[in-house]
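Hello,

Here is the structure I promised to pass on to you. Have a look at it first, and then read on for my notes.

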Amino acid sequence: MSQLLKTAGFILRAVPFQDDDLILTAFTAKLGKVALFARGARRAKSPFGPEIDLLSESEFIVFNAKNIRPLREATLRHYFPRLKANYDGLNAAMYGTRLLSQLVHEGQRDENNLRLFSRFLHALDQEDVPVALYELAYKLRLLDNFGVAPHLDGCVRCGKSGQQVWFSLGRGGLICPACHAPGDLALQAGLAQGLNALRTMAWDKLGRLHLSARDLAAGAELLEKFMVYHVRGNQAKKVVV
Ligand SMILES: [Zn+2]
């Protein structure tokens with residue numbers, strides 16, 4: 001007899017298997033990122049419903065098998081209907097999910113990132129949500145939790161804080177005017193402070209942070225360049241400075 005285990009979590013991915021089954025990837029409290037086998041999930045009379053939809057937050061009862069754990073029962077906790085009906089929100093959530101899935105290892109329990117992911121989806125499920133602000137805050141914090149975030153506390157070379165108006169992709173962080181070298185990226189005034197606030201402010205206060213659309217777009221572009229340089233590829237690598 002297999003042992004049953006109950007755990008709450010999120011559906012990150014669903015892949016069709018055989019005629020009418022699904023292999024789910026869930027991110028859960030007790031099992032970390034885990035593969036679940038949902039038998040008959042694609043049948044017209046499926047035993048499962050929205051509780052195993054992509055991004056749903058549910059409580060799962062699984063057989064605690066060695067490899068892919070068969071899912072016996074799931075109970076929906078949050079469906080995030082506003083998020084799923086908002087193209088920008090959904091796009092941000094899916095991008096955030098892929099990034100999480102890329103960074104977190106199979107079977108690794110990770111309370112910090114589970115809490116962060118939950119806060120991100122709940123934030124995106126609000127009315128009139130500033131999607132770009134939450135997306136940038138989530139990405140910075142996720143990378144930070146994995147030790148691969150850009151260095152935003154003072155100059156990455158000499159440590160001096162103050163007016164950081166340059167960013168070194170190679171060194172992975174802010175650069176002061178004294179250390180700046182050709183090839184560094186020029187930042188608009190205030191952007192470095194804005195990014196640092198997104199990374200460090202209490203999550204439930206983020207909605208009060210006023211960053212212009214221009215700042216958010218510039219921050220997203222900078223982080224994208226940083227990730228192409230330091231994080232993309234199969235494995236996240238530590239930023240060497
Ligand atoms: Zn410096």
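A small part of one sheet makes a good starting point: F167 stands opposite L174 in β7. Please keep in mind that this is a predicted model.

F167 falls within strand β6, which covers residues 166–168 and pairs with β7 in the antiparallel sense over 3 bridges. Both strands belong to an open sheet of 3 strands, with antiparallel pairing and the order β7-β6-β8. At its edges are β7 (173–175) and β8 (185–186), each of which pairs on one side only.

Stepping back to the whole protein, there is a division into domain 1 (4–78) and domain 2 (150–241). Between the C-alpha centres of domain 1 and domain 2 the distance is 37 Å.

Next comes helix α3, made up of the 14 residues 111–124. From first C-alpha to last, α3 reaches 20 Å, close to the 20 Å expected at 1.5 Å a residue. Which residues of α3 are buried? They are N113, L114, L116, F117, F120, L121, A123 and L124. These buried residues pack against two strands, β1 (4–17) and β2 (21–28), and against the helices α1 (81–85), α2 (87–103) and α4 (131–145).

Finally, take a look at Y229, which you will find in helix α6 (residues 213–230). Y229 is partly exposed because 13 other C-beta atoms lie within 10 Å, while a residue needs 20 or more to be buried and counts as exposed at 12 or fewer. Along the chain Y229 and S118 are 111 residues apart, and their C-alpha atoms are separated by 28 Å.

Enjoy exploring, and best wishes!

Note on methods
Residues numbered from 1 in each chain as written. Predicted model: local features only at pLDDT ≥ 70, side-chain atom pairs only at ≥ 80, totals over all residues. Pairing = 2+ DSSP bridges. Helix = DSSP H or I, 4+ residues; strand = E, 2+ residues; numbered from the N terminus. Domains from an automatic or database assignment. Expected span 1.5 Å × (residues − 1). Contact = placed C-beta atoms within 7 Å.
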